[in-house]
Amino acid sequence: MADLISQKILSHDQMTAVAPDEIKGFLGALKEGWEFLETQKITKEFKFDNFIKAMEFVNKVAQIAEKEGHHPDIAIHYNKLEITLWSHYINGLSLNDFIIAAKIDSIT
């Protein structure tokens, strides 16, 4: 996972879709809990002790997303969060999604 964390986000003109046979390897480089969706997205649920702790985590994720310029979809359900990543520009998964997932994992 350290390798993904150290990588820089690719610009739109450099971005390509991750090949289907590479997805499992990238998921294996992340902490447990990330799931591949057939809609070409990855998602993970996070659970916290309370709403405040969940929101503190959301704010940390927001800082990462803003710094990197790659933003996840976040659904908040009291103390549970669902983070979904995909590259809108290519309508699928790119290396950027796994880089951001690794950076999110690093703050858990």
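In which sense do β3 and β4 pair, and over how many bridges? This tour of a predicted model begins with that pair and then moves across the sheet.

**Stop 1: β3 and β4**

Select β3 (73–77) and β4 (80–85). These two strands pair in the antiparallel sense, over 5 bridges. To see one bridge in detail, select Ile 74, whose partner in β4 is Ile 83. As background, the strands of a sheet pair through backbone hydrogen bonds, in either a parallel or an antiparallel arrangement.

**Stop 2: the loop between β3 and β4**

Now select Tyr 78, which is found in the loop between β3 and β4. Is Tyr 78 buried or exposed? Tyr 78 is exposed, because its relative accessible area of 53% lies over the 50% cut-off. The backbone here also deserves attention: phi of Tyr 78 is positive, near 55°, although the residue is not glycine. Most residues other than glycine have a negative phi.

**Stop 3: from β4 to β2**

Return to β4 and add β2 (41–47) to the selection. β2 and β4 run antiparallel and are joined by 6 bridges. Select Lys 44 together with Ile 83: the latter, in β4, is the bridge partner of Lys 44. Ile 83 was also met at the previous pair of strands, as the partner of Ile 74.

**Stop 4: β2 and β1**

Next, select β1 (35–37). β1 and β2 pair in the antiparallel sense over 3 bridges. One residue pair to display is Phe 36 and its bridge partner in β2, Ile 42. The two strands form a hairpin with 3 residues between them, and in this hairpin Gln 40 takes a positive phi, near 65°.

**Stop 5: the whole sheet**

Show the four strands together. What is their order? The order is β1-β2-β4-β3, in an open sheet of 4 strands with antiparallel pairing. β1 and β3 are the edge strands, each pairing on one side only. From one strand to the next, the twist averages 25°.

**Stop 6: α4 and the loop before it**

Add α4 (95–105) to the view. This helix packs on the sheet and touches β2 and β4; its direction makes about 10° with that of β2. Finally, select Asn 91, in the loop between β4 and α4. Asn 91 counts as exposed, because its relative accessibility is 56%, over the 50% cut-off. Phi of Asn 91 is near 55°, a positive value in a residue other than glycine.

Key
Residues are numbered from 1 along each chain as its sequence is written. This is a predicted model: local features need pLDDT of at least 70, side-chain atom pairs count only at pLDDT 80 or more; totals for chains, interfaces and linings use all residues. Side-chain values use heavy atoms; hydrogens and water are left out. Buried means under 20% relative accessible area, exposed over 50%, partly exposed in between (1.4 Å probe, protein chains only). Two strands pair if DSSP finds at least two bridges between them. Axes are lines fitted to C-alpha atoms, for helices over the stretch in contact, and angles run from 0 to 180 degrees between N-to-C directions. Contact means heavy atoms within 4.5 Å.
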